[in-house]
Amino acid sequence: MKKRLALICCIISCMLVMAGCSFSLVKTNEKFDDKVLEENTDSFVQSWFEYDFESAVTDYAGQLDDETLSQYKDSKKLRDKYGKYDKKDDSSLTITTDTATVTETVLTDSGKKLVFSVTYDENGNTVSWNVDEYKTKGEIMGKAGLNTVMSMAIVFLVLIFIAVIIAQFKYIGNAQNRKKEAEPVVEAVPAAPAVVEEEDLTDDLELVAVITAAIAAASENECTDGLIIRSIIRK
């Protein structure tokens, strides 16, 4: 019970705070005159249809910033597409703490509509303006629904693509394992010990005798009993 009472008190407090903010906002913006702002917007709209945007873009291209230059070019295209001013169809006013925005729907001689939004500061000076093509609620909802469907479709396609890639990982791993199994294993063979072949001297007996005699003569000892020749190296 205590929790419910506390919740109700919180809700009442929030409502009182919001009401106080709204009262303060209205009081702060009492300086805005709805009628004057609407008249200024009417004058702006009519001057927009009469303004020579093409000459302004040509003559002041170097002096205008990119945003203003683009705005002038778009305005010329819209005016060429929709034609001249016919009459005002609807108007609304939105007030914030320090600005006021007048939105007017204008009917052109082509039977189509344009939406003008002009924002004023607390002194009634024009801060910014914008012109858009008029769209019905059905067109806005249809475009929003189409964007939602396209966004969801893109998300699902990306998720499916990622799932397919992840599913291929196991096949890639199996292919690598089969490749490793198919490769022959080369075992290291220990090197055979070097075999020292003894030189066969049976065919060199004469050569051995000559060499023995030469050695005996050189050593001034004609006795060759203790002299043994074990190998002969040919060079």
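In what order do the elements of the protein chain run from the N terminus on? I read them off as α-α-α-α-β-β-β-β-α-α-α. The count comes to 7 helices and 4 strands.

**Entry 1: the model as a whole**

I note at the start that this is a predicted model. The mean pLDDT of the protein chain is 77, and 69% of the residues reach 70 or more. I looked up a stretch of low confidence and found residues 21-28, where pLDDT stays under 50. For residues 21-28 the model has 4 contacts beyond four places in sequence.

I then took the totals. The protein chain has 235 residues, and 17% of them are buried. Its accessible surface comes to about 18,800 Å², with 59% of that belonging to carbon and sulfur atoms. Among contacts with a separation of 6 or more, 48% are between residues 24 or more positions apart.

**Entry 2: the strands**

I went through the strand pairing next. Strand E2 (residues 99-108) and strand E3 (residues 113-121) run antiparallel and are joined by 9 bridges. I checked one partner pair here: Val102 has Val118 in E3 as its bridge partner. The hairpin of E2 and E3 has 4 residues between the strands, and Gly111 in this hairpin takes a positive phi near 85°.

E3 also pairs with strand E4 (residues 126-133), again in the antiparallel sense, over 7 bridges. On this side I found Leu114 opposite Glu133 in E4. E3 and E4 form a hairpin with 4 residues between them, and Gly124 in the turn has a positive phi of about 85°.

**Entry 3: salt bridges**

How many salt bridges does the structure hold? I get 6. I looked up three of them.

Glu38 forms one with Lys88, and the closest N and O atoms are 2.8 Å apart. Glu38 lies in helix H2 (residues 34-50) and Lys88 in strand E1 (residues 85-95), so this pair ties together parts that are 50 residues apart in sequence. Glu38 is partly exposed, at a relative accessible area of 31%. Lys88 is partly exposed as well, at 30%.

Lys88 turns up again with Glu104, where the closest N and O atoms are 3.9 Å apart. Since Glu104 lies in strand E2 and Lys88 in strand E1, the pair ties together parts that are 16 residues apart in sequence. Is Glu104 buried or exposed? I find Glu104 buried, with a relative accessible area of 1%. Salt bridges with shared partners join Glu38, Asp42, Lys88 and Glu104 into one network.

The third is between Asp80 and Lys76, with the closest N and O atoms 2.9 Å apart. Asp80 and Lys76 are separated by about one helical turn, because they are 4 residues apart in helix H4 (residues 66-82). Asp80 is exposed, with a relative accessible area of 53%, whereas Lys76 counts as partly exposed at 25%.

**Entry 4: the nonpolar patch**

Which residues make the nonpolar surface patch of about 780 Å²? I list Ile154, Val158, Phe161, Ile162, Ile165, Ile166, Phe169 and Ile172. Helix H5 (137-167) and helix H6 (169-182) are the elements that give two or more residues to the patch. H5 gives the most, with 6 residues.

I looked at one member separately. Ile172 lies in helix H6. Ile172 is partly exposed, with a relative accessible area of 45%, and patch residues need over 30%, so Ile172 meets that cut-off.

Key:
Residues are numbered from 1 along each chain as its sequence is written. This is a predicted model: local features need pLDDT of at least 70, side-chain atom pairs count only at pLDDT 80 or more; totals for chains, interfaces and linings use all residues. Side-chain values use heavy atoms; hydrogens and water are left out. Patches are made of residues with over 30% relative accessible area and no salt bridge: like charges are joined within 9 Å, nonpolar side chains (Val, Leu, Ile, Met, Phe, Trp, Tyr) within 5 Å. Accessible areas come from the Shrake-Rupley method with a 1.4 Å probe; for residues, only the protein chains shown count as cover. A salt bridge is a side-chain nitrogen of Lys or Arg within 4 Å of a carboxyl oxygen of Asp or Glu. Buried means under 20% relative accessible area, exposed over 50%, partly exposed in between (1.4 Å probe, protein chains only). Two strands pair if DSSP finds at least two bridges between them. pLDDT is the predictor's confidence in each residue, from 0 to 100. Contact means heavy atoms within 4.5 Å.
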